[in-house]
Amino acid sequence: MTDGTPKLRLYNTLAREKQAFLPIDAKNVRMYVCGPTVYDYAHIGNARPAIVFDVLFRLLRHLYGDDHVTYARNITDVDDKINARALRDHPGLPLNDAIRKVTETTAAQYQKDVQALGCLNPTVQPRATEFVLPRADGKADMVSIIQDLIKRGHAYEAEGEILFDTRSMADYGALSKRPLDEQQAGARVAVDAHKRNPADFVLWKSSSADEPGWDASFEVDGQKIPIRGRPGWHIECSAMSAAYLGKVFDIHGGGLDLIFPHHENEIAQSRCAHGTEVMANYWLHNGFVQVEGRKMSKSEGNFVTIAELLETDKFGGRAWPGEVLRLAMLMTHYREPIDFSVRKLQEAENLVARARSFIGNTPASNVPSEFLETIGDDLNTAAALNWLFSQRGEGIAAGEFRAAAELLGLDFTAKQLDADEAEKLTARIEQRLQLIRAKDWGEADRIRDELLAEGVQLKDGKDPATGERITTWEVNR
């Protein structure tokens with residue numbers, strides 16, 4: 001971006017309208033996105049913000065340069081369930097070390113999952129546990145921010161807890177547009193009588209002798225009050241965003257469900273602690289994910305993790321390639337609800353096959369300007385994909401197609417087959433021929449479509465000598 005003209009418009013939840021994106025500093029564009037709570041494996045709903053904001057990260061890098069964009073996505077490893085498990089399973093270790101033991105498997109699985117979905121690594125991925133107490137490097141931390149809130153008259157102590165005083169902030173609730181009197185507390189604790197206002201939320205909650213906690217003290221009315229405890233939910237992101245992006249930054253993103261209370265309370269904490277008019281200039285939120293037309297839940301039997309989609313036959317009777325899962329997500333505008341279904345995955349798989357057939361070996365060239373204009377209109381990946389595939393073989397060259405796809409994080413390169421893979425391919429082709437002989441056309445077509453999505457195109461014909469059906473194949477590279 002060299003002429004100063006905005007190339008990007010984003011729907012800002014705070015303003016309830018699309019606005020031209022104008023960074024605070026074009027040489028240091030900064031974005032923060034709420035990451036996973038690594039108590040368990042990430043589900044398909046968690047995949048959506050990872051993919052959506054990865055596309056925005058890629059687009060910002062394209063517009064401003066790879067070295068001029070900082071993307072922070074946190075890892076929440078401060079959680080009562082995690083803390084309790086750490087205390088139970090590793091009683092002899094310091095709390096942070098015990099939490100790391102508990103969460104290292106789930107955190108590693110999350111990284112593996114999102115990489116399989118084609119996501120780049122964010123610039124930084126801070127862990128909440130590393131930002132609870134004051135740090136040697138002077139970066140922002142939770143305890144110090146809480147102390148600043150007390151000093152500025154925005155927080156108070158009550159029954160061993162530090163709470164945010166929502167009445168102390170004149171425009172509290174501006175993000176969610178919910179009147180203060182209608183709001184309920186959004187911290188990870190119940191509403192208690194010791195709160196001044198029902199909407200007040202916990203910044204620091206005390207820990208009993210048998211609960212995990214950190215040793216901290218807070219100065220209230222000139223008196224030091226030691227409180228061994230743990231942070232509330234919202235203070236984590238205020239500390240980690242400030243640590244890497246500053247008191248005010250460009251973009252804050254996350255799921256629609258985080259607008260209230262999490263993001264509303266982040267704004268309150270950060271603005272009041274730092275004395276700023278805003279925390280971030282643009283607030284972006286992706287829509288909900290349903291599975292086969294229903295809200296995802298374990299009780300509904302439609303709860304599925306990213307790992308299960310990638311590695312097992314739980315959804316649709318087969319595993320799905322990461323590029324198919326990613327494309328299925330991008331076929332719906334990020335702010336719209338998405339119905340994640342086998343049918344949608346099959347549609348995405350067919351598009352992957354068509355793209356691979358068209359691109360072949362052609363290297364990426366330039367991203368078409370019309371594609372950039374379309375995706376630059378509030379990250380409209382659905383419209384951009386429709387335009388891209390409508391131009392295939394007509395108004396767009398294969399190299400331009402590949403460049404546009406790569407901007408979306410889509411790799412349509414067909415892999416090479418080694419000896420072991422060729423042997424497995426031969427077995428699958430024979431299985432398909434047997435299904436055809438048995439007139440099981442549905443299963444036969446499924447194998448054909450799977451292989452096509454993997455870049456292997458089958459060609460059916462007849463043996464000229466015997467007249468029997470034969471199948472040959474080629475890899476679309």
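**Cavity**

I started with enclosed space in this predicted model, and my count came to one cavity of 30 Å³ or more. I put the space in the largest cavity at about 50 Å³. Its lining consists of R48, V52, V55, M329, L330, T332, Y334, L379 and T381. I then checked which elements give two or more residues to that lining, and they are α1 and α8 (322-330). The largest share, three residues, comes from α1. By class I have six nonpolar residues, two polar and one charged around the largest cavity.

**Largest pocket**

Next I turned to open space. The largest pocket holds about 1,200 Å³. I count 40 residues in its lining, and T37, H43, N46, D257 and L258 are the ones nearest the centre. Which elements supply at least two residues each to the lining of the largest pocket? My list reads α1 (44-64), α3 (95-116), β10 (249-255) and β12 (289-291). With four residues, α1 gives the most to this lining. So α1 is a name I keep writing down: it gives the most to the lining of the largest pocket, and the largest share of the lining of the largest cavity comes from it as well. The classes for the pocket lining are 18 nonpolar, 14 polar and eight charged.

**Residues 36-46**

I looked up the records for this stretch. An unreviewed UniProt entry annotates residues 36-46 as "short sequence motif: 'HIGH' region". In the model, the C-alpha atoms at the two ends of this span lie 7 Å apart. I get 27% helix and 0% strand for the span. T37, H43 and N46, which I noted above, are among the residues nearest the centre of the largest pocket.

**Binding-site annotation**

The unreviewed UniProt entry also carries a "binding site" annotation, covering C34, C237, H262 and E266. These positions span 233 residues in sequence, yet no two of their C-alpha atoms are more than 11.0 Å apart, so they gather at one spot. Of the annotated residues, C34, C237 and H262 are included in the lining of the largest pocket. I located C237 in helix α5 (residues 235-245).

**Cysteines**

How many disulfides does the structure hold? I find zero. A disulfide is a covalent bond between the sulfur atoms of two cysteines, so I went through the sulfur distances. For C34, the closest cysteine sulfur is in C237, 3.9 Å away, which is too far for a bond because the cut-off is 2.5 Å. For C272, the closest cysteine sulfur is again in C237, but at 17 Å, so that is too far for a bond as well.

I also checked whether these cysteines are buried or exposed. C34 has a relative accessible area of 12%, so I enter it as buried. C237 counts as buried at 2% relative accessibility. C272 is buried too, with a relative accessible area of 7%.

**Hairpin**

I moved to the N-terminal strands. Strand β1 (residues 9-12) pairs with strand β2 (residues 17-20) in the antiparallel sense, over four bridges. Y11 stands opposite K18 in β2. The two strands form a hairpin, with four residues between β1 and β2. R16 sits in the turn and has a positive phi of about 60°.

**Backbone oddities**

Which residues does a cis peptide bond join? I find F260 and P261, with omega at about 10°. P261 is in helix α6 (residues 259-274).

I then went after positive phi values outside the hairpin. K177 is not a glycine, yet has a positive phi of about 60°. I place K177 in the loop between β6 (161-164) and β7 (201-206). At 45% relative accessibility, K177 counts as partly exposed.

E292 is another non-glycine with a positive phi, here about 50°. E292 lies in the loop between β12 and β13 (294-295). With a relative accessible area of 40%, E292 is partly exposed. I note that β12, on one side of this loop, is one of the elements supplying at least two residues to the lining of the largest pocket.

Definitions and conventions:
Residues are numbered from 1 along each chain as its sequence is written. This is a predicted model: local features need pLDDT of at least 70, side-chain atom pairs count only at pLDDT 80 or more; totals for chains, interfaces and linings use all residues. Side-chain values use heavy atoms; hydrogens and water are left out. On a 1 Å grid over the protein atoms alone, a cavity is a set of points where a 1.4 Å probe fits but cannot get out, and a pocket is an open set with protein on both sides within 12 Å along at least five of seven lines; lining residues have an atom within 4 Å of a point. Grid points are joined across faces, edges and corners, and a volume is the space filled by probe spheres set on the points. Ala, Val, Leu, Ile, Met, Phe, Trp, Tyr, Cys and Pro count as nonpolar, Asp, Glu, Lys and Arg as charged, and the others, Gly among them, as polar. UniProt positions are given in the numbering used here, feature names are shortened, and annotations may be inferred rather than shown by experiment. Buried means under 20% relative accessible area, exposed over 50%, partly exposed in between (1.4 Å probe, protein chains only). Two strands pair if DSSP finds at least two bridges between them.
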